[in-house]
Amino acid sequence: MNEPENPPKYSMTVSLSVYEHLGKGLYSNIPAVLSEVVANAWDADAENIWINIDPKRGRIEITDDGHGMTDQDINEKYLKIGYKKREQPDFSMTQRFRRQPMGRKGIGKLSVFAIADRIEVHTVRCGQRNALRLDNDKIIEAIRGEKTDTYIPDEIPPAEVEITKGTKLILTEVRARTYTTGENLRRRLARRFSIIGTDHFNVYINDKPISARDRDYHKFVEYLWYFNRDISVISAMFTAAKCKTKESGHFGEDDMRTISGWIGTVHNQQQISEETNGIVLFANGKLVHEDVLADMKEGGVWTKYVIGEIDADYLDDNESEDIITSARQSLKEDDERYTDLRDFLKNGVVRNIATNWQRLRITHSTKKVLSDYPNIRHWLSRFEGDQQTSAEMLLGKIESLDDLNESEKVDLFRGTMYLFERLRATSQLELLKTLKTKEDFERFVSVFADLTELERVPYYRITKGRVVIVKKFKEIMESNQVERTIQELIFNSLWLLNPSWERATTNKHMEKRITTQFKKAEPKLSKAQKLARVDIRYQTVAGKHVLIELKKFDARIQPFVLLKQVSKYRTTLRKCLEIYHGEAHRNMVIEVVCIIGSRPTSWDAEEMENHFRLESSRVMTYDELLADTLNTYQEYLDVEEETSELIGIINKAEHDVLIKWKEERRKAQTSK
């Protein structure tokens, strides 16, 4: 009788679906993956983490000086997928620094397979050295069959472990283009953690430490609102801020919930990117929601200038249900803890910014005009009272524009002074006296002042055009003439799906290639599935790839069938991106939006939203799309009738200004 073989030292049990969806399929870029590794080091009471990238060898090493792991820890915690340390009987805080752990679901360890095919784990605890190798292809091969879900990692001799403390991960056969992520990676990691560089926690990339300065936007903040922060710290961090306003960071029943942090606006829109434009949420030092501002569905120009960081540790306490989605980069948006915070910010400081942002910019810009241009100051001295106030606001608006050089600014000042004199001479400024309230006056001035920037920032034109499209959308829905009639409207106006998607672009070559790939996949669709689809469109917008599919209004949609189609669309598009762009675009974000006539009665909204969120997709009905759009632009629709007379005046005045500009330029050319 044969003696039984010795059991393997290391063993991992995981299903193929869990491995693919919660490991490789859940993360899309190096910063997101490394964030999980950094979080694990925090939980291990590490003081230092060293990330070294060798692009020539396609190799990344991450070393920490935390408590490390014994072989028992490796099997029972690291290799146990879904191990939840917070649910353990002896769980409290970390032993050395008494930290609140960041890990919760026990799936972050799989994230490294999203960027690399082979991982070595070297670790030391209490003098015990352990090392093992995990291979992506071997894991899939071992768990692909039905007989076992167990994978046996390769053992590495302890003698090959060179570290004396903590844990070291060696990632090889890295699939992503690591050589493009030097300073960018430093900046993006700094923006994902509020605790880096504090509380005995340091992260280094190629031996250079990451600090709060690497976020690279504090110096651009012009107006600041802050919560539960010491003013001396705020002043040292935001050296260029012209105005700092302290806000209450307590809300909820009996003010039991507390936040800290800040929200600000920058002077120039180009000083922040699409990635940083917004308000991020941190819990226990780690980013948990990438942009709460986007969830407020605010559509004003001021939103393009907003940036902020809010720490809300109560969102990730141990006593409550996990509010963070499996992707670990967003919150469950219908959870009361999040909606209360969103509404507190929206109805408080965000409403304050929306109301006062333009006034603050104009006020400070007017002071600069009066200081820098003596001739303009002399011109203004000719007026008194309301006339002088109106003229100052117009000139201040020009000074606050982002992208004017000195020559262009002088041209606009000249044209504006001419316009003001013309309106004053024809007594049209008397219109100001017919406005009764402060709100009426600010509304008129905001539209009137926008005249000075029609050539630069076409906010008025965009708003007017959007109102027309919203009305058209509403008429189509009320007449039930959807599908083909509405298809072109939505595809050409993607801001209907998201107010910030006004700069969507289409790559014709890519769209043709994608269409070809989809046609190859169509034979696999049933006849009913083919008939249910109106059309599908590919766009690039806001740093991501977007697919929009319109379903027929009366089509019966089965949720899991639609989910399967969405997954197929994403796979097809990712294949096209690899062919067309190569590895550079392989890991870019892909979002799929499906618009349907109605939700089936069997549709479990919360369950299905979670399923679609895992596929980076969302589903909405035509009626929901219309309701969201009307809600966003209702203010414009409400005031359009009463401001129509003013719009007529502005259109006429714009014509006069353009004529004057042409006249001045013609004279300048003649004099030369």
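Buried, in what follows, means under 20% relative accessible area, and exposed means over 50%. With that settled, here's a walk through this model, which is a predicted one.

**A helix with two faces**

Let's start with helix α4, residues 136–144. Its buried residues are N136, I139, I140 and I143. Why do they count as being on the same side of α4? Because they span an arc of only 95° around the axis. The general background is simple: an α-helix has 3.6 residues a turn, so residues three or four places apart point the same way. Flip to the face of α4 turned away from the buried side and you'll find the exposed residues D137 and E141. The N-terminal end of α4 has a cap too: D135 places a side-chain oxygen 3.0 Å from the backbone nitrogen of D137.

**The whole protein**

Stepping back, the protein has 20 helices and 22 strands. Of its 672 residues, 50% count as buried. If you take the contacts between residues at least 6 apart in sequence, 73% of them join residues at least 24 apart.

**An eight-stranded sheet**

Eight of the strands make up an open sheet with mixed pairing, and their order is β7-β5-β4-β8-β3-β2-β9-β10. At the edges sit β7 (154–155) and β10 (208–209), each of which pairs on one side only. Here are three of the strand pairs:

| Strand pair | Direction | Bridges |
|---|---|---|
| β2 (residues 48–54) and β9 (residues 202–205) | parallel | four |
| β2 and β3 (residues 59–64) | antiparallel | six |
| β4 (residues 116–125) and β8 (residues 166–174) | antiparallel | eight |

I49 is a handy residue to click on here. Its bridge partner in β9 is V203, while in β3 its partner is D64. Over in the β4 and β8 pair, R118 has T172 of β8 as its bridge partner.

β2 and β3 also form a hairpin, with four residues between them. G58 sits in that turn and has a positive phi of about 60°.

**Nonpolar cores**

In soluble globular proteins, nonpolar side chains tend to be buried together. Which residues have the most contacts inside the largest nonpolar core? They are I51, I60, I62, L134 and L171, and the core as a whole has 51 residues. Helix α2 (residues 30–43) supplies the largest share of this core, with eight residues. Another core lies apart from it and has 41 residues, including F238, L331, L345 and V350.

**A buried lysine**

Now for a charged-residue curiosity: is K551 buried or exposed? K551 is buried, because its relative accessibility is 2%, and the cut-off for buried is under 20%. You'll find K551 in strand β20, residues 544–551. The side chain of K551 makes a polar contact of 3.3 Å with the side chain of E549.

**Cysteines**

As a reminder, a disulfide is a covalent bond between the sulfur atoms of two cysteines. How many does a search of the whole structure find? It finds zero disulfides. Two of the cysteines sit in opposite settings. C126 counts as exposed because its relative accessible area is 79%, which is over the 50% cut-off. C594, on the other hand, is buried, with 0% relative accessibility.

Terms used: Residues are numbered from 1 along each chain as its sequence is written. This is a predicted model: local features need pLDDT of at least 70, side-chain atom pairs count only at pLDDT 80 or more; totals for chains, interfaces and linings use all residues. Side-chain values use heavy atoms; hydrogens and water are left out. Helices (H or I, at least four residues) and strands (E, at least two) are DSSP runs, numbered from the N terminus. Buried means under 20% relative accessible area, exposed over 50%, partly exposed in between (1.4 Å probe, protein chains only). A polar contact is a pair of N or O atoms within 3.5 Å; within protein, one must be able to donate a hydrogen and the other to accept it, and residues adjacent in sequence count only if both atoms are side-chain atoms. Two strands pair if DSSP finds at least two bridges between them. A nonpolar core is a set of buried Ala, Val, Leu, Ile, Met, Phe, Trp, Tyr and Cys residues joined through side-chain atoms within 4.5 Å. The arc is that of the directions from the helix axis to the C-beta atoms. A disulfide is a pair of cysteine sulfur atoms within 2.5 Å. Contact means heavy atoms within 4.5 Å.
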